Amino acid sequence: QSRIKILHLHDTHMTQPTLLRLAAGLEALREIVFPNQFTGSPEFFASLARARPALKELHFGYSDDETTLDDACVAAICENFALEALIIDQNNTVTPAVVDIILRSPTAQTLRSASFYATPAVNSAGILRLARGCPRLARLTWRLFKLSPLAVALPEGTQHGNNVDDLTALLKERCRGHADWTFWVDPFIQYCPYPLAEKWRYRQVSLWGFTSAAA
């Protein structure tokens with residue numbers, strides 16, 4: 001038990017007290033993939049931090065499952081842990097304030113990897129601000145559907161296309177020299193091509209049915 005580093009609970013149904021007991025008893029535990037549609041509370045995450053303060057990676061919304069994590073829960077997580085990886089995918093309950101919540105927390109200085117896939121509250125301006133405010137963040141997944149590069153992110157008033165260009169440039173620079181570091185920022189595949197300087201950046205490249213943004 002003391003050598004278990006990851007709890008992958010995606011397909012399980014586990015009560016909060018049971019999860020807390022597990023975390024407290026697994027001394028080497030560093031990562032939790034939470035159960036499908038897990039419903040926590042700020043109090044639960046504060047208790048989890050007391051039970052296993054060395055946790056470094058938390059995953060919510062694994063695969064095609066939605067997560068109901070809200071701003072208060074994210075605040076409790078980021079204030080009580082010094083996370084290196086945070087995944088909040090397929091979430092419709094956090095608000096745009098979640099970016100500032102993370103940036104004001106200790107996690108902003110330790111976060112190296114993050115994913116906000118199909119989480120509408122984190123728009124192109126928000127994810128750019130998050131990346132700029134987390135100096136170690138390099139491995140990032142971010143995508144919103146039906147997003148036009150020529151539209152404007154509100155309330156910031158900046159163009160989605162420009163935000164994504166700036167984000168891509170920042171992440172490329174941070175990943176430079178690390179062959180195993182990757183990021184995936186691909187929001188415009190249905191609106192391509194989109195001009196960047198003298199060349200077309202966004203063009204469709206089909207790989208076994210998937211479409212991605214060209215470098």
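This is a short dialogue on how to read the structure above.

Student: What kind of model is this, and how are residues numbered?

Tutor: This is a predicted model, where local features need pLDDT of at least 70, side-chain atom pairs count only at pLDDT 80 or more, and totals for chains, interfaces and linings use all residues. Residues are numbered from 1 along each chain as its sequence is written, and side-chain values use heavy atoms, with hydrogens and water left out.

Student: How many helices and strands does the protein chain have?

Tutor: Helices (H or I, at least four residues) and strands (E, at least two) are DSSP runs, numbered from the N terminus. Here the protein chain has six helices and 13 strands.

Student: What order do the strands of the open sheet take?

Tutor: Start with pairing: two strands pair if DSSP finds at least two bridges between them. In this model seven strands form an open sheet, in the order E1-E2-E3-E4-E5-E6-E9, with parallel pairing. Its edge strands are E1 (6–8) and E9, each pairing on one side only.

Student: How many bridges join E3 to E4, and which residues stand opposite each other?

Tutor: Four bridges join these parallel strands, E3 and E4. Phenylalanine 60 stands opposite isoleucine 88 in E4. Now move along the sheet. E4 (residues 85–88) pairs with E5 in the parallel sense over three bridges. There, isoleucine 87 stands opposite serine 115, and leucine 86 has alanine 114 as its bridge partner.

Student: And what follows E5?

Tutor: E5 runs parallel to E6, joined by five bridges. Phenylalanine 116 stands opposite tryptophan 142 in E6. Between these strands the chain crosses from E5 through H5 to E6, a right-handed β-α-β crossover. Right-handed means that, with the strands pointing away from the viewer, the path from the first strand over the helix to the second runs clockwise. E4, H4 and E5 also make a right-handed β-α-β unit. At the far side of E6, two bridges pair it with E9 (residues 184–185) in the parallel sense. Tryptophan 142 stands opposite valine 185 there.

Student: Are the residues of E4 buried or exposed?

Tutor: Buried means under 20% relative accessible area, exposed over 50%, and partly exposed in between (1.4 Å probe, protein chains only). In E4, Ala85 and Ile87 point one way, Leu86 and Ile88 point the other way, and all are buried. Across the protein chain, buried residues make up 47% of the 215 residues.

Student: Why is H5 described as largely enclosed?

Tutor: Seven of the ten residues of H5 (residues 124–133) are buried, so the rest of the structure largely encloses this helix. The buried ones are Ser124, Ala125, Gly126, Ile127, Leu128, Leu130 and Ala131. To see what covers them, use contacts, meaning heavy atoms within 4.5 Å. The cover includes helix H4 (98–103), strand E5 (113–117), strand E6 (139–143) and helix H6 (160–175).

Student: What caps the N-terminal end of H5?

Tutor: Asparagine 123 does, with a side-chain oxygen 3.1 Å from the backbone nitrogen of alanine 125.

Student: Which side chain makes a polar contact with asparagine 163?

Tutor: A polar contact is a pair of N or O atoms within 3.5 Å; within protein, one must be able to donate a hydrogen and the other to accept it, and residues adjacent in sequence count only if both atoms are side-chain atoms. Here the partner is the side chain of serine 124, at 2.9 Å. Asparagine 163 lies in H6. It is buried, with a relative accessible area of 5%. Leaving aside neighbours within four places in sequence, asparagine 163 is in contact with Ser124, Ala125, Leu128, Ala153 and Thr158.

Student: Which residues touch the most other members of the largest nonpolar core?

Tutor: A nonpolar core is a set of buried Ala, Val, Leu, Ile, Met, Phe, Trp, Tyr and Cys residues joined through side-chain atoms within 4.5 Å. The largest one holds 52 residues, and Ile32, Phe34, Phe45 and Leu58 touch the most other members. Helix H3 (residues 71–80) gives this core its largest share, five residues.

Student: What surrounds phenylalanine 45?

Tutor: Phe45 is among the buried residues of helix H2 (residues 42–51). Leaving aside neighbours within four places in sequence, its contacts include Phe34, Phe60, Cys73 and Phe81. The buried residues of H2 have cover that includes helix H1 (16–25), strand E2 (31–33), strand E3 (57–60) and H3.
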